Amino acid sequence: MEEIVDAIGLLCPLPLIRAQEFAKSTKPGTTFIVHATDPGVFRDFPAWCRMHGHTLVDIVEHKAEQIIEVTIELGN
Amino acid sequence: MTDTRKPSAIALISGGLDSMLAAKVILDQGVHVEGVNFYTGFCVEGHTHAVRAKNKNKQKRNNALWVAEQLGIKLHIVDVIEEYKDVVLNPSHGYGKNLNPCLDCKIFMVNKALELSGFDTDSFDFVVTGEVIGQRPKSQKNETMPIIAQESGAHDRLLRPLCAKNLPETLPERAGWVNRELLHGFYGRNRKPQMELAARYGFTDYSQPAGGCCFLTDERYSSKLKDLWQFRGEKNYELDDILLLKIGRHIRPNARFKLIMAREEGENRFLRGYRKNFTYIEIDSHEGPLTLVEGNPSTSDLTLATRLVGRYSQGKNADEVSVTIHHRNGVSEQISASPIAPHEIPDNWHIGL
Ligand code: SF4
């Protein structure tokens with residue numbers, strides 16, 4: 001079961017900061033999920049993953065729940 | 001540093017042109033550069049564009065992240081919300097034109113940058129900033145440059161590549177990690193040298209925030225922050241306070257209460273997230289803004305609040321509007337009142353207008 005970083009209600013760049021903090025204390029290869037509501041994550045997370053060598057596995061908006069789910073696999 | 005390791009620098013990246021150029025100048029000299037961007041809560045980046053509905057289709061990028069990508073460097077975005085409060089509340093060098101404590105802010109950021117360890121390095125050999133002497137009236141002057149270097153603890157490990165030739169030699173220059181001849185001697189408010197350098201590097205798309213990199217340089221924003229401190233009776237803030245100052249119309253009819261009124265759908269949605277923490281007003285009879293009430297309004301204040309909500313709703317020309325006031329204790333009440341006429345609203349009720 002992937003760990004979830006809760007960034008619901010946080011405005012960018014806080015979801016990214018929370019993900020970065022999680023990544024710092026987590027082993028490479030780990031997959032985790034960020035739950036966010038600010039649509040800025042659609043722009044910020046792909047750039048951040050490219051820059052740090054992480055894999056953006058998926059980024060989807062669940063319209064009914066009004067949650068954006070970002071799945072990331074940590075690189076080295 | 002051993003001879004075999006590449007020298008490394010941490011560059012303050014605001015998302016603007018100067019810090020981008022400064023990092024590039026050092027990167028081009030073969031130094032390992034990583035960027036850092038400090039999130040204080042007052043940043044112009046992020047936030048408000050995400051809130052306002054009219055911006056929904058043109059999602060603005062995070063400029064610091066974008067700059068780092070253009071440069072091909074890694075960026076650390078660091079949450080300094082709590083620590084930064086002391087800089088804003090008690091700046092030892094005072095404020096600039098508004099509530100911007102630029103000199104203390106620079107000292108704080110250079111100091112924090114020195115504390116960082118990189119993704120590829122345990123500590124950085126020096127810090128890079130995009131400062132240019134004479135560019136900003138208070139924080140970027142001949143006299144303030146050594147103050148920042150000393151009080152941050154960086155001393156000669158602080159390099160400003162855009163104006164280095166106007167300053168004494170620093171450690172990275174003396175140690176031969178960077179060649180002083182390839183640094184610059186920019187001076188003053190003229191932006192032409194920066195534009196020329198940007199053109200030379202092929203940078204065509206960059207942000208040049210007028211005023212500064214944060215809301216504290218904004219006169220209207222600073223008025224709202226002063227009002228917050230004055231009527232709370234203490235100089236302090238939480239993150240939600242300073243975010244709310246960026247949103248909506250702020251109207252203070254008297255010392256007992258203030259209204260925060262959405263101006264459009266995006267702000268309505270954003271303010272809805274604060275309903276638990278505030279007494280709030282929803283208009284029932286017409287389309288209109290969601291309004292948060294801060295303070296301890298009396299019964300007649302709530303009637304006045306209803307009249308003001310009416311004024312900024314579709315019912316502004318109606319004889320009467322009706323609203324529901326949801327009190328923080330869970331009790332709701334319905335009130336009807338005539339919308340207030342524009343001439344009955346003194347200018348000084350609008351905070352930061
Ligand atoms: S404009 Fe704001 S972020 Fe920039 S130096 Fe001044 S206080 Fe700091």
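Strands are DSSP runs of E of at least two residues, and helices are runs of H or I of at least four, each kind numbered from the N terminus. In these terms, A:Q66 of the predicted model occupies the loop between β3 (55-62) and β4 (67-73) of chain A. The phi angle of A:Q66 is near 55°, a positive value in a residue other than glycine. The model as a whole scores ipTM 0.90 and pTM 0.92. For chain B, the mean pLDDT is 92, with 92% of the residues reaching 70 or more.

The two strands that flank A:Q66, β3(A) and β4(A), run antiparallel and are joined by seven bridges. Among the paired residues, A:T55 has A:E73 in β4(A) as its bridge partner. Helix α2(A) packs on the sheet, where β2, β3 and β4 of chain A are touched, and the direction of this helix makes about 170° with that of β3(A). The open sheet of chain A comprises four strands in the order β1-β2-β4-β3, with mixed pairing. Because β1 and β3 of chain A stand at the edges with a single partner strand each, one side of each is left without a neighbour in the sheet. From one strand to the next, the twist averages 20°.

Helix α1(A) also lies across strands of chain A, namely β1, β2 (31-36) and β4, and runs at about 150° to β1(A). The loop between β1 (3-7) and α1 (14-24) of chain A contains A:P13. A cis peptide bond, with omega about 10°, joins A:C12 and A:P13.

Chain B is divided into domain 1, covering residues 8-215, and domain 2, covering residues 247-349. The centres of the two domains of chain B, taken over C-alpha atoms, are separated by 41 Å. An open sheet of five strands is found in chain B, in the order β3-β2-β1-β4-β5 and with parallel pairing. Its edge strands are β3 (75-79) and β5 (158-159) of chain B, each of which pairs on one side only. Strand β2 of chain B, spanning residues 32-39, runs parallel to β3(B) and is joined to β3(B) by five bridges. Within this pairing, B:V36 has B:H76 of β3(B) as its bridge partner.

The contact between the chains takes 18 residues from chain A and 17 residues from chain B. On the side of chain B that touches chain A, α3 (63-71) and the edge strand β3 of chain B each supply at least two residues. The helix α3(B) gives the most to this side, with four residues. By residue class, the side of chain B that touches chain A divides into eight nonpolar, five polar and four charged residues.

A helix pair forms part of the picture at the contact. The axes of α2(A), residues 41-52, and α3(B) come within 10 Å and cross at roughly 35°. This crossing of α2(A) and α3(B) is left-handed. From α2(A), the residues A:D44, A:A47, A:W48, A:R50 and A:M51 meet B:L65, B:W66, B:A68 and B:E69 of α3(B). The residues of this helix contact divide into six nonpolar and three charged, with no polar residue. Helix α2(A) thus meets residues of α3(B), and α2(A) also packs on the sheet of chain A.

Note on methods. Residues numbered from 1 in each chain as written. Chains lettered and ligands numbered in written order. Predicted model: local features only at pLDDT ≥ 70, side-chain atom pairs only at ≥ 80, totals over all residues. pLDDT = per-residue confidence, 0-100. Pairing = 2+ DSSP bridges. Contact = placed C-beta atoms within 7 Å. Nonpolar A, V, L, I, M, F, W, Y, C, P; charged D, E, K, R; others polar. Axes fitted to C-alpha atoms, helices over the stretch in contact; angles between N-to-C directions. Left-handed = near helix turned anticlockwise from the far one by under 90°. Domains from an automatic or database assignment.
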